[in-house]
Amino acid sequence: AFLALPALAVLFWSFHFHMSPLQALLLPVQVTGADIGDRDGVGDLRMILAGLGASREISEGLVLAVLVAVGLLQRRYLAGADRLTLFAFYGVLSLGLLYHRIYDFVFLLPAAMVAYRSPALWVRFGLAASVGFFWFGYQTLIELGAPRAPVLCALILAAALGLIVWECRRQMAEAITP
């Protein structure tokens with residue numbers, strides 16, 4: 001049932017734009033690749049691969065492979081986490097995998113909510129610092145003339161993702177112990 005809506009969306013776009021369902025399925029990835037550059041990206045995997053000289057097809061394929069692998073690992077090892085935490089997980093993962101502009105930092109709202117409610121201080125302060133950097137610090141630094149730092153952004157996103165994984169595991173352990 002969960003796949004019915006995305007499948008219908010793919011079929012709709014396939015018929016609407018007169019393309020194969022596979023092409024329609026890849027439209028979101030193609031859109032994210034339309035404006036790769038260091039002008040306002042956040043150091044996502046696709047941007048880093050393009051910077052290393054990877055072709056568009058290779059970088060899209062690697063990003064898709066990483067997404068599928070992470071999705072399978074999440075289903076296996078983080079299946080007990082609540083929906084908000086998993087939403088935060090996939091929001092941060094999206095920022096880390098595909099090209100996003102600065103206004104897409106709204107994807108960090110679930111991470112901010114996880115930070116707010118986590119009893120683990122390192123998760124709370126680490127996620128709050130990560131979200132704060134992207135919501136307030138990054139654009140301020142750019143406006144002050146600091147060079148863009150896609151690798152720094154990628155590392156901060158990876159750290160935030162790690163903290164969310166830590167929170168997922170903490171929640172799962174808490175659910176097991178009485």
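This passage describes a nonpolar surface patch, the surroundings of Leu97 and the packing of two helices in a predicted model.

Leu64, Leu67, Val68 and Leu72 together make a nonpolar patch of about 350 Å² on the surface. Of these patch residues, Leu64 lies in helix α5, which spans residues 56-77. Leu64 has a relative accessibility of 39% and is therefore classed as partly exposed, since that class covers values between 20% and 50%.

Leu97 belongs to helix α6, which covers residues 83-97. With a relative accessible area of 7%, Leu97 is buried, because the limit for a buried residue is under 20%. Beyond its neighbours within four places in sequence, Leu97 is in contact with Asp44, Leu45 and Arg46, and also with Val63, Val66 and Leu67. Leu67 is also one of the residues that make the nonpolar surface patch. Val63 and Leu97 are separated by 34 residues in sequence, whereas their C-alpha atoms are 6.2 Å apart in space.

A further pair of helices was examined for packing geometry. Two packed helices are described by the angle between their axes and the distance between the axes. For helix α8 (residues 121-143) and helix α9 (residues 150-176), the angle is about 150° and the axes are 9 Å apart. The crossing of α8 past α9 is left-handed. On the α8 side, the residues that meet α9 are Trp122, Val123, Gly126, Leu127, Ser130, Phe133, Phe134 and Tyr138. Their counterparts in α9 are Leu152, Cys153, Ile156, Leu157, Ala160, Leu163, Ile164, Trp166 and Glu167.

Notes:
Residues are numbered from 1 along each chain as its sequence is written. This is a predicted model: local features need pLDDT of at least 70, side-chain atom pairs count only at pLDDT 80 or more; totals for chains, interfaces and linings use all residues. Side-chain values use heavy atoms; hydrogens and water are left out. Patches are made of residues with over 30% relative accessible area and no salt bridge: like charges are joined within 9 Å, nonpolar side chains (Val, Leu, Ile, Met, Phe, Trp, Tyr) within 5 Å. Accessible areas come from the Shrake-Rupley method with a 1.4 Å probe; for residues, only the protein chains shown count as cover. A salt bridge is a side-chain nitrogen of Lys or Arg within 4 Å of a carboxyl oxygen of Asp or Glu. Helices (H or I, at least four residues) and strands (E, at least two) are DSSP runs, numbered from the N terminus. Buried means under 20% relative accessible area, exposed over 50%, partly exposed in between (1.4 Å probe, protein chains only). Contact means heavy atoms within 4.5 Å. Axes are lines fitted to C-alpha atoms, for helices over the stretch in contact, and angles run from 0 to 180 degrees between N-to-C directions. A crossing is left-handed if the near helix is turned anticlockwise from the far one by less than a right angle, and right-handed if clockwise.
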